[in-house]
Structure formats: C-alpha cells, structure tokens
Amino acid sequence: MVRVGLTTGRLTQAGAELADEVGFDRVTVSELARRFDVKVASLYSHVKNSQDLKTRIALLALEELADRGDAALAGRAGKDALTALANVYRDYAREHPGRYAAAQMRLTPEAAAASAGGRHSRMTRAILRGYDLTEPDATHAVRLLGSVFHGYVTLELGGGFSHSAPDSRETWSRIMDALDALLRNWPADSAEPAHSADSADSADSAKPVTPGPHGTTG
C-alpha cells in the first residue's frame, strides 16, 4: 500500500478489511503497519493502540449495519420487516465476518453512547410496533430477536450447519416463520416475582452497557 495519506479514517477502514481477512481477534497496530509498510510508531498519531483501533472498527461496523438496516426497512412492516432486518445481519456477517465480530465487541460506556447501537435497538422496536407488544414484553422480544439472529449467524459462520440437511437457508426461512408466529401470539405474563436487589440481574445492571449489532440491550 502507498505510505502517503494516512488518516484515522483510512486506518480504520484498512483495519476493518484486515479483520475480514484474518479475523478480528488478530487485528493489531503492528499488523496494520506491516500492511502499509510503515513503522508502527508512525500510526500512533492516528490511533492510540490496538484497543483503540479495534474500537474504531467496531463503531464502523455498527454504523454500516445500521445504514443497511435503515435502507432495508424502508416501507416494510410486520414479517416483511422482520425478515428484511434479519437478512441484513446474516448477509453482513457472511460478507464481512471480521467486522461482524467487531460489532460484538464490548465497548466502554462512552464509546457505546457514541455508537450506532441505539439505532439498532430503535430499528428492532419499530418492527415490534407492528406486533402490538407493550413493555416489558417489547424489551423481552428485542432480546429474543437479537439472540436468535446472532446465535444462528455465529453457528452458521462456524460451519455448524454445513454437513447436514436441510440447507441452512431453509432453516433460516422457517425461523422467520416461527418468530413471526411467536410475536403475533406472545405468551401472557407469567407474573413471576421480581428478583431481589442482590440478585444476579441487579449485579449485571451495574456493568457497562454495550450495544451489540442487534441492539439487544433493550
């Protein structure tokens, strides 16, 4: 690559491409410097360290996913919208596995607040408005959709469905049917007692909130 014209944006884009090639966990400033054929020190005026570079890649991935989601949802509602958004995540993961992994990165509260994570949550909630879910069920549903989308995509990327029938595309389609049916027939509240203040849920609530690509933080 040409040495001139290094910027934070260019390095972030190159880091994202590197993540797709070798895996997000293997992205470092040193590896990026080798790609540009420059000394590592020359990159530190643009990125602080490898953690800063990975954070920037994560923010880029979240933004790209959100842009795709907004475009896919335009004019759609109900199951059509549900399937469109699900396909955005699945297609992006298949095209950009490293960036998709980056979008799962746990961010600091400051980085999370500046990220496109909120847009992902809003997109999912916009879909759910077509199913007439109220709180707290809407939040439960946001978390369910994020878990299903990410769980299936991760298993599929890992080759988990490569050696058995039916084809994973058929399963994906059936999952969309099942999710649509579930959202239209959401179970009534079981009225379980709330957890105590010292429960695991309360402890988790004190942790930094990091939006994943599906905005599953609720």
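A polar contact is a pair of N or O atoms within 3.5 Å; within protein, one must be able to donate a hydrogen and the other to accept it, and residues adjacent in sequence count only if both atoms are side-chain atoms. In this predicted model, local features need pLDDT of at least 70, side-chain atom pairs count only at pLDDT 80 or more, and totals for chains, interfaces and linings use all residues. Residues are numbered from 1 along each chain as its sequence is written, and side-chain values use heavy atoms, with hydrogens and water left out.

One such polar contact, at 3.0 Å, joins the side chains of Asp180 and Arg184. Asp180 lies in helix α9; helices are DSSP runs of H or I with at least four residues, numbered from the N terminus. Asp180 counts as buried because its relative accessibility is 11%, the limit being under 20% relative accessible area with a 1.4 Å probe and protein chains only. Leaving aside residues up to four places away in sequence, Asp180 touches Lys79, Leu82 and Tyr131, where contact means heavy atoms within 4.5 Å.

Helix α9 (residues 168-184) also pairs with helix α8 (residues 137-157): their axes come within 12 Å and cross at roughly 175 degrees. Axes are lines fitted to C-alpha atoms, for helices over the stretch in contact, and angles run from 0 to 180 degrees between N-to-C directions. The crossing angle therefore makes α8 roughly antiparallel to α9, a label for angles over 145 degrees. Among the residues that meet are Leu144, Phe149 and Tyr152 in α8, and Trp172, Ile175 and Leu179 in α9.

Note on methods. Helix = DSSP H or I, 4+ residues; strand = E, 2+ residues; numbered from the N terminus. Parallel < 35°, antiparallel > 145°, perpendicular 65-115°, else oblique. Buried < 20%, exposed > 50% of the residue type's maximum accessible area, 1.4 Å probe, protein only.
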